[in-house]
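User: I'm new to reading protein models. Could you walk me through this one, feature by feature?

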Amino acid sequence: MLNVSHLTKKYHRFVADDNLTFMVNDGETAVLAGPNGAGKSTAIKCIAGLLRFEGEIEICGFKNKSIEAKQILGYVPEIPAPFELLTVWEHMEFIARAYKLENWEDRAKELMHRLELEDKIDKLGKELSKGMQQKISICCALLTEPKVVLFDEPLVGLDPHAIKELKLMLNEMKAKGTTVIISTHMLESVEDVWDRVFIMMNGRIEAERTRKQVEESGENLEELFFNITEKK
């Protein structure tokens with residue numbers, strides 16, 4: 001479970017995130033949707049513990065910057081940043097050692113197989129395309145089988161096979177009770193995996209809907225999105 005309470009992030013006088021409060025339950029896939037500059041990535045980075053902020057963020061009851069929270073959190077950044085001089089397999093080993101994982105090799109091989117990284121196992125991070133680097137980020141984030149996973153524009157740069165596999169993984173995580181948060185400005189890319197959506201504009205959450213609410217009301221989520229993000 002993820003609980004965000006009164007999250008505010010300022011850069012001098014500019015307010016990137018303005019008093020955000022929301023919750024995402026176990027086994028739920030939530031989407032932070034909004035145009036570029038809405039504050040989505042900033043919120044994700046605050047949740048991941050990469051930025052200072054005002055307010056409170058709890059991951060499964062633990063403060064987000066605590067060791068306990070970091071042990072159960074996975075994070076896939078918008079811009080992949082693999083270690084340039086580590087091979088694909090060494091990235092897996094690095095994560096396994098950092099998190100003190102046992103018997104991790106089979107899971108690492110499965111993840112690499114599903115994302116078609118097997119033939120890149122000995123390639124250095126700097127030798128890979130952005131799409132391949134994105135796949136490494138996903139494998140590293142999921143190797144630990146986290147209870148909460150943050151994805152910042154995860155489908156950008158991925159090939160069709162990887163997109164299909166990632167969506168399958170998202171549904172598998174949901175079935176296991178994993179909390180997933182996806183930041184994106186493209187609703188169509190996550191239309192078949194989301195359970196809850198928060199539409200952001202100018203650093204604020206302007207609307208929140210569950211899939212059930214949208215289905216029962218007949219509301220058009222795309223129209224709602226554009227009514228909010230393109231209002232004068």
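**Reading the sheets, helices and pocket**

Analyst: Sure. Let's begin with a pair of strands: strand 1 (residues 2-11) and strand 2 (residues 14-24) are antiparallel partners, joined over 7 bridges. Keep in mind that this is a predicted model.

User: What holds paired strands together in general, and which residue stands opposite Val-4 in strand 2?

Analyst: The general idea is that strands of a sheet pair through backbone hydrogen bonds, parallel or antiparallel. Here, Val-4 faces Phe-22 of strand 2, and Leu-2 has Val-24 as its bridge partner in that strand. The hairpin these two strands make has 2 residues between the strands, and His-12 has a positive phi there, near 60 degrees.

User: What is the strand order of the open sheet of 4 strands?

Analyst: Its order is 2-1-4-5, with antiparallel pairing. Strand 2 and strand 5 (62-63) are its edge strands, each pairing on one side only. Helix 1 (residues 40-47) packs on this sheet and touches strand 1, strand 2 and strand 4 (54-59). The direction of helix 1 makes about 115 degrees with that of strand 1.

User: And how is the open sheet of 6 strands ordered?

Analyst: Read across it and you get 6-7-8-3-9-10, with mixed pairing. Strand 6 (73-76) and strand 10 (204-210) have a single partner strand each, so one side of each has no neighbour in the sheet. From one strand to the next, the twist averages 15 degrees.

User: Do strand 3 and strand 8 run parallel or antiparallel?

Analyst: Parallel: 5 bridges join strand 3 (residues 29-33) to strand 8 (residues 179-184). Within that pair, Leu-32 is opposite Ser-183 of strand 8. Helix 8 (residues 221-229) packs on the sheet, in touch with strand 3, strand 9 (196-201) and strand 10, and its direction is at about 20 degrees to that of strand 9. Helix 6 (residues 160-175) lies across strand 3, strand 7 (148-152) and strand 8, at about 155 degrees to strand 7.

User: How should I read a helix, and what span should helix 5 have?

Analyst: In general, an α-helix has 3.6 residues a turn, so residues three or four places apart point the same way. For helix 5 (residues 130-143), at 1.5 Å a residue, the 14 residues should span 20 Å, and the end C-alpha atoms are 20 Å apart, which agrees. Glu-145 follows helix 5 and has a positive phi, near 55 degrees.

User: How many residues of helix 5 are buried?

Analyst: 13 of its 14 residues are, so you can call helix 5 mostly covered; buried here means under 20% relative accessible area. Take Gln-134, which sits in helix 5: its relative accessibility is 1%, so it counts as buried. Leaving aside neighbours within four places in sequence, its contacts include Val-76, Pro-77, Glu-153 and Leu-158.

User: Is Asp-122 buried or exposed?

Analyst: Exposed, with a relative accessible area of 63%. You'll find Asp-122 in the loop between helix 4 (105-114) and helix 5. Asp-122 and Trp-89 are 33 residues apart in sequence, yet their C-alpha atoms are 6.7 Å apart in space.

User: Last one: what is the volume of the largest pocket?

Analyst: About 560 Å³. It is lined by 20 residues, and the closest to its centre are Tyr-75, Pro-77, Ile-95, Tyr-99 and Cys-140. Strand 6, helix 3 (88-98) and helix 5 each supply at least two residues of the lining.

Note on methods
Residues numbered from 1 in each chain as written. Predicted model: local features only at pLDDT ≥ 70, side-chain atom pairs only at ≥ 80, totals over all residues. Heavy atoms only, no water. Pairing = 2+ DSSP bridges. Axes fitted to C-alpha atoms, helices over the stretch in contact; angles between N-to-C directions. Contact = heavy atoms within 4.5 Å. Expected span 1.5 Å × (residues − 1). Buried < 20%, exposed > 50% of the residue type's maximum accessible area, 1.4 Å probe, protein only. 1 Å grid on protein atoms, 1.4 Å probe; cavity = no way out; pocket = protein on both sides within 12 Å on 5 of 7 lines; lining within 4 Å. Points joined across faces, edges and corners; volume = space filled by probe spheres on them.
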